[in-house]
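Ready for a few warm-up exercises? Have a look at the structure first, then work through each task with its solution.

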Amino acid sequence: MNYNIYKLTFQSAVHFGDGGLTKGRSTLYADTIFSALCQEALKIGCLETLIEKTRKNCLRISDGLPYIGDTYYIPKPLVSLTIEKNGDSKEKKELKKLEYIPEDQLDLYLKGEMDIRKERKKFSEQFGKPFLVEKAAVHETKDSEPYAVSTFTFGKNSGLYVIVGTEEEDVEFLISGLFDSLGYEGIGGKRSAGYGKFTAKVGKMESRWKERLVTGEYERYCSLSTCIPREDEMEKSLENSRYRLVKRSGFVDSDHYAQSFRKKKDSYLLMAGSSFENKFDGELLDVSIDGKHPVYRYAKSLLMGVK
């Protein structure tokens, strides 16, 4: 499989919902990205191709993960560590708060030698800042109603990246075009207000990173995407695993699905950063409920060797 990094530079603030208008995230789950790509594919008549290629494992995508300048961050792998500063409770507290680590410091992190406080401080200061924006809903027959929206503004030279793995050149070409189109539309919520617009460029992936994705056998693998094993993979893949779960829900964004807004089936997925002894493919879930067409939730794995 050939891997590319798509660096998303946002031209506006974003609203990545996390359970309401006033709750938001700074990163994106893989299923959100895939759903947005499906919407763009539908517009140009290639949705079935995208679904079929994904089902046949010709396409893999990661979560939308942070970058600052030329530094790519990956989810903190859920693996056991031996911290060098034994007994330092502050260091252990910092470790618990840590969400992302620089990819080029993965080996140091796994040895317990990364300067956790320094990296948390850099990330906090440079990645971006959340804001709560006050707005008003205007009605013809009654007074305006104020409401608030949680937004995130990325720092200078910061944004999100998505790792895309493709088996075929035509799939790579398709995904590149869909990201370009999606950038004009925006991703996330409140796009009608101008949120979420971006430009996408292919970034450089170092050979050490490709090696962890493409070749070699490892004792443990870390997921870079929110995923779930297929039913026939479940028992083996979760053996000696370490993971966190996230509930994924939401409404169907389709004019042809039903006469009114309908919810998708809820799914509990394994969060990026979860670690496993055994590889697995993951699933493309149909989360439709009594609608006129299927609705898919991306839950395929993108695994990186870590130990």
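**Exercise 1.** Which residues does Ala30 touch, not counting residues up to four places away in sequence?

*Solution.* Before we start, a heads-up: this is a predicted model, where local features need pLDDT of at least 70, side-chain atom pairs count only at pLDDT 80 or more, and totals for chains, interfaces and linings use all residues. Residues are numbered from 1 along each chain as its sequence is written, and side-chain values use heavy atoms, leaving out hydrogens and water.

Step 1: find Ala30 in helix H1, residues 30-44 (helices are DSSP runs, H or I, of at least four residues, and strands are E runs of at least two, numbered from the N terminus).
Step 2: list its contacts (heavy atoms within 4.5 Å), which are Ile61, Ser62, Asp63, Ser225, Thr226 and Tyr298.

**Exercise 2.** Is Ala30 buried or exposed?

*Solution.* Ala30 has a relative accessible area of 0%, so Ala30 is buried. The cut-offs are under 20% for buried, over 50% for exposed and partly exposed in between, with a 1.4 Å probe and protein chains only.

**Exercise 3.** Place Glu239 and find what links Asn278 to it.

*Solution.* Step 1: go to the loop between helix H8 (234-237) and strand E13 (245-248), where Glu239 sits.
Step 2: check its cover; at 45% relative accessibility, Glu239 counts as partly exposed.
Step 3: move to Asn278, in the loop between strand E15 (275-276) and strand E16 (282-286). Asn278 touches Glu239, along with Lys236 and Ser237, not counting residues up to four places away in sequence.
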